[in-house]
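This briefing is addressed to a structural biologist who wishes to read the model alongside its sequence. Please consult the entry shown here before turning to the points below.

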Amino acid sequence: MRKLIAAINMTLDGFCNHEAGIADDEIHEHYNELLRKADTMIWGRTTYELMESYWPALVKNPGGNKPMDDFAILVDNISKIVFSRTRENFPWNNTTLKKELRKEEIVELKQQTGKNILAGSPSLIVELTKLDLIDEYQLCVNPIILGKGLPLFKNIKDRVDLKLIKTKIFSVGAIILYYEPKI
């Protein structure tokens with residue numbers, strides 16, 4: 001069975017904000033390797049639009065930063081499933097629209113042959129957590145206290161016990177905490 005990995009950047013105080021994080025070459029290389037080991041990305045509309053607004057243009061006009069240019073190509077080529085009830089047109093390469101998150105469809109996706117599946121939207125990570133579908137959490141905690149924003153686990157009402165399986169420290173002070181659900 002394929003592994004469903006929730007991978008996201010956050011601040012030390014638990015907020016998800018793409019613009020507040022540190023995205024140096026070392027961190028981009030980490031995410032490039034994560035993308036190489038996956039073949040499907042799951043996003044909500046907001047995250048899709050954030051990614052779509054930047055990365056496809058970099059594929060067409062590389063910026064000269066190899067880790068970022070590589071990331072652009074990897075994310076451009078990966079299969080993207082976007083959950084949205086409000087938007088109909090998703091023109092970015094390899095993108096499929098789903099109107100509703102259904103547990104049985106995600107279970108079926110996990111049972112298909114292939115590489116890992118990545119979830120990278122705060123709202124979807126919450127919903128997938130509630131459905132007990134995430135096999136691993138990779139939380140990249142940036143050494144920033146933001147004080148406001150979108151808290152990652154805002155809508156989790158029930159306790160979720162996790163087991164720390166490893167950590168990865170970056171030279172800029174960010175750390176990835178790898179967790180799996182306790183069974």
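The notes that follow move from the whole chain to its strands, helices and individual residues.

The structure is a predicted model. Its protein chain contains six helices and ten strands. The radius of gyration is 16 Å, which agrees with the value near 16 Å that a compact globule of 183 residues would have.

**Overall form and surface**

- Along the principal axes, the C-alpha trace of the protein chain spans about 45 × 35 × 30 Å.
- Of the 183 residues in the protein chain, 43% are buried.
- Among contacts with a separation of 6 or more, 72% join residues that are 24 or more positions apart.
- The exposed area of the protein chain is about 10000 Å², and carbon and sulfur atoms supply 51% of this area.
- The chain carries 25 positive and 25 negative side chains. The centres of these two sets lie 3 Å apart.

**Strand β1 and its two parallel partners**

- Strand β1 covers residues 4-11, and seven of its eight residues are buried, so the strand is largely enclosed by the rest of the structure.
- With strand β6 (residues 116-119), β1 pairs in the parallel sense over three bridges. Within this pairing, Ala6 has Ala119 of β6 as its bridge partner.
- With β7, β1 also pairs in the parallel sense, here over seven bridges. Ile5 stands opposite Glu136 in β7.

**Val141 in strand β7**

- Strand β7 comprises residues 136-142 and includes Val141.
- Val141 has a relative accessible area of 13%; it is therefore classed as buried, the limit being under 20%.
- Beyond its neighbours within four places in sequence, Val141 is in contact with Met10, Thr11 and Leu12, and also with Gly173, Ala174, Ile175 and Leu177. Of these, Met10 and Thr11 fall within the range of β1, residues 4-11.
- Val141 and Ser53 are separated by 88 residues in sequence and by 24 Å in space, C-alpha to C-alpha.

**The β9-β10 hairpin**

- Strands β9 and β10 (residues 175-181) run antiparallel and are joined by seven bridges. One opposed pair is formed by Lys163 and Glu180, the latter in β10.
- Five residues lie between the two strands of this hairpin, where Gly173 takes a positive phi near 100 degrees. Gly173 is also one of the residues in contact with Val141.
- Ile165 belongs to β9, which covers residues 162-169. Its relative accessibility is 34%, so Ile165 counts as partly exposed.
- Leaving out residues up to four places away in sequence, Ile165 touches Glu136, Tyr178, Tyr179 and Glu180. Glu136, in β7, is also the residue that Ile5 stands opposite.
- Ile165 and Glu180 lie 15 residues apart in sequence, with a C-alpha to C-alpha distance of 6.9 Å.

**Helices α1 and α6**

- His28 is located in helix α1, which covers residues 25-36. At 8% relative accessibility, His28 counts as buried.
- The contacts of His28, not counting residues up to four places away in sequence, are Ala23, Trp55, Pro67, Met68 and Phe71.
- In helix α6 (residues 122-130), the buried residues include Pro122, Leu124, Ile125, Val126, Leu128 and Thr129.
- As background, an α-helix has 3.6 residues a turn, so residues three or four places apart point the same way.

**Positive phi outside glycine**

- Asp132 follows just after α6 and takes a positive phi of about 60 degrees. The residue lies in the loop between α6 and β7.
- With a relative accessible area of 59%, Asp132 is exposed, because the class begins over 50%.
- Asn94 likewise has a positive phi of about 60 degrees although it is not a glycine. Asn94 lies in the loop between β4 (79-83) and β5 (95-98).
- The relative accessibility of Asn94 is 42%, so this residue counts as partly exposed.

Methods: Residues numbered from 1 in each chain as written. Predicted model: local features only at pLDDT ≥ 70, side-chain atom pairs only at ≥ 80, totals over all residues. Heavy atoms only, no water. Helix = DSSP H or I, 4+ residues; strand = E, 2+ residues; numbered from the N terminus. Rg over C-alpha atoms; globule rule 2.2 N^0.38 Å. Buried < 20%, exposed > 50% of the residue type's maximum accessible area, 1.4 Å probe, protein only. Contact = heavy atoms within 4.5 Å. Areas by Shrake-Rupley, 256 points an atom, 1.4 Å probe, with all protein chains shown as cover. Lys, Arg positive; Asp, Glu negative; His and termini not counted. Charge placed at Lys NZ, Arg CZ, Asp CG, Glu CD. Pairing = 2+ DSSP bridges.
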